[in-house]
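Colleague: Could you walk me through this structure and show me what stands behind the labels you use?

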Amino acid sequence: MVGHQSPQMDLADAVLWTGKVNPKPLVEEGSFHDRFAKVRTTILRDEDFEHWFHPEAGRRSVPPSVVAGAFLLALREGCSDREAEQRMRYDLRWKWGLGLGLNDHGCDHSSLCVFRARLLAHREEGRFFQSIVTKAVEAGLLPKRAVQVMDSSPMLGAAAVQDTYKLLRTALHKLVKGHKRELPAELMPRLKRYLQTGKPDIDWEDREARQRELQQLVSDAELALKELPVETDKPAASTARTLLEQVAHQDVEPDGKGGVKIREGVAKDRVISTVDPEMRHGHKSSAGRWDGWKKHVSVEPQTELITAVEVSAANVNDGAVAMSLLEQQAAVGLAPAEVVADHQYAGGELREQAQVHGEGTTILTKAAALPNDGYFHKSEFEIDLEAGTVICPAEQVARFRFRPGHSTEAVFAAATCAACPLAEVCVRTPGQGRTISIHPYEHQLQAAAERRQQPDFPALMAQRPGVERKQAHWNHKGARRSRYYGLRKTRLQALWSAAVVNIERLMVIGQALDGLRPAAIAPAG
């Protein structure tokens, strides 16, 4: 049965909070906690969580609005669940913000765990964030077709990265432990070592000892996958088998002597931890690597409000998540006419998908840097898709047939190129004609190039740095590092911390969260 928070307070609390004892109230007027107390009952209502509970059976729960408010404050201030419990007991700012009396201890730290579990069980991890954006839309702060800015940034994972030896050993431990009761007697001498998680007692400074350990781990992994049953009614064993299949050979390769060795380079989509197998290596550049997740965001640059949030593994391309952000915006009544982004969003197929989505969205990106290799670039050829012709700098013509969604080529005759005075700076292979590849979505790439020539394009691209400032703010409010294992829990954290950022921004703007009258937008600070 859902519990409801009473708006009544006892006389001692009323005297204390209103400042009758001291010259001014104990919680500074205009502080975040003071303003949060004023809007909390509007944005967090117990009624919004009633469907989680039986209407009559069971004892009354802690008011869900109190637990949700404590979760928001914990994210904002970087508190653990246990620390949040202590602050609800002893921190007057938290008591004021959550509407708690001096004798009200709020909730136990375990209530925060249960609250998050219920959000995930009901697939409502994004509902609160969406409600904040909806209020901003209804208040007229977010025009439906306003320009949006998209970007991504690292989010560190909660689990430690494991080396090849530990990946294999812990994956084997999970699988062998899952089949402990039905482990065949003939396999017990070979696999019993994996019933424990301890590190093997070998000389890790000895290269040959490490090689023998690696060979044994790989051989035992192959044996376990072959001999232990595939069909099982134990979910943990099935999950462990899938994990071991992923890590068994991702870091090794044949050594040419009948054994294996550590491979050079990193396998594609490499599992980096058996504690959180969904984490991945991520790269923003060849030098900058992080481990964990990538958080994607869309921001309206005038208000600096976050309008959509998504989380993916760290190795996922930004463009692959763009449509998810647009769908989130559509759910709250937004349909941006244009999206400003970087080159990760410049793909022709993505531009096509965005153009046909809803009322149509155009993705704006700067032109890619041209290679300085001494040869004519494709952009220096005149491509006419309707006529099916390509005209080179020497005004020679090659023909092709273009069908949207299908790649093709325009090939100049070898004899024509051989006789051309510009062949040395055009044709890479002597004796052949120049070939121009026609992208399956060449029409979208051409439209993007034409949009870059319009006079308002530089001003639109100048809005892009604002999203980086917003991401820095977001990191300070609980989005720098995941607190939890798994994609869904990490996504929950990102969405609720983004809601904190939006609440703070709405406070700066001065627009009451329960009002519908547009207000003047304050400059971003």
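Modeller: Here is a short tour of salt bridges, buried and exposed residues, surface patches and backbone angles.

Modeller: This is a predicted model, so local features need pLDDT of at least 70 and side-chain atom pairs count only at pLDDT 80 or more, while totals for chains, interfaces and linings use all residues. Residues are numbered from 1 along each chain as its sequence is written, and side-chain values use heavy atoms, with hydrogens and water left out.

Colleague: What makes the contact of Glu 504 and Arg 76 a salt bridge?

Modeller: A salt bridge is a side-chain nitrogen of Lys or Arg within 4 Å of a carboxyl oxygen of Asp or Glu. The side chains of Glu 504 and Arg 76 meet at 2.5 Å, N to O, so the pair fits that cut-off. Glu 504 lies in helix α18 (residues 487–509) and Arg 76 in helix α3, so the bridge ties together parts 428 residues apart in sequence. Helices here are DSSP runs of H or I with at least four residues, and strands are runs of E with at least two, numbered from the N terminus.

Colleague: Which residues are linked with Arg 76 and Glu 504 in a network of salt bridges?

Modeller: Glu 77, Glu 83, Arg 87 and Lys 477 belong to that network with them. A search of the whole structure finds 30 salt bridges.

Colleague: Why is Glu 504 called buried?

Modeller: Buried means under 20% relative accessible area, exposed means over 50%, and partly exposed is in between (1.4 Å probe, protein chains only). Glu 504 has 11% relative accessibility, so Glu 504 counts as buried.

Colleague: How do you know whether Arg 428 is buried or exposed?

Modeller: Its relative accessible area is 53%, so Arg 428 is exposed. Arg 428 meets Asp 373 in a salt bridge (2.6 Å, N to O). The pair links distant parts of the chain, 55 residues apart: Arg 428 is in the loop between α14 (414–418) and β13 (435–438), and Asp 373 is in the loop between β8 (362–364) and β9 (382–384). Asp 373 has 32% relative accessibility, so Asp 373 counts as partly exposed.

Colleague: Why are the buried residues of α4 placed on the same side?

Modeller: In helix α4 (residues 81–90), Asp 81, Ala 84, Glu 85 and Met 88 are buried. They cover an arc of only 105° around the axis, which puts them on the same side of α4. The arc is that of the directions from the helix axis to the C-beta atoms. On the other side of α4, Arg 82 and Tyr 90 are exposed.

Colleague: What makes Leu 26, Leu 92 and Leu 102 a nonpolar patch?

Modeller: Patch residues have over 30% relative accessible area and no salt bridge; like charges are joined within 9 Å, and nonpolar side chains (Val, Leu, Ile, Met, Phe, Trp, Tyr) within 5 Å. Leu 26 has a relative accessible area of 34%, so Leu 26 is partly exposed. Together the three leucines have about 190 Å² of accessible area, computed by the Shrake-Rupley method with a 1.4 Å probe, and only the protein chains shown count as cover.

Colleague: What is notable about phi of Glu 304?

Modeller: Phi of Glu 304 is near 60°, a positive value in a residue other than glycine. Most residues other than glycine have a negative phi. Glu 304 is found in the loop between β5 (289–300) and β6 (305–313). At 9% relative accessibility, Glu 304 counts as buried.
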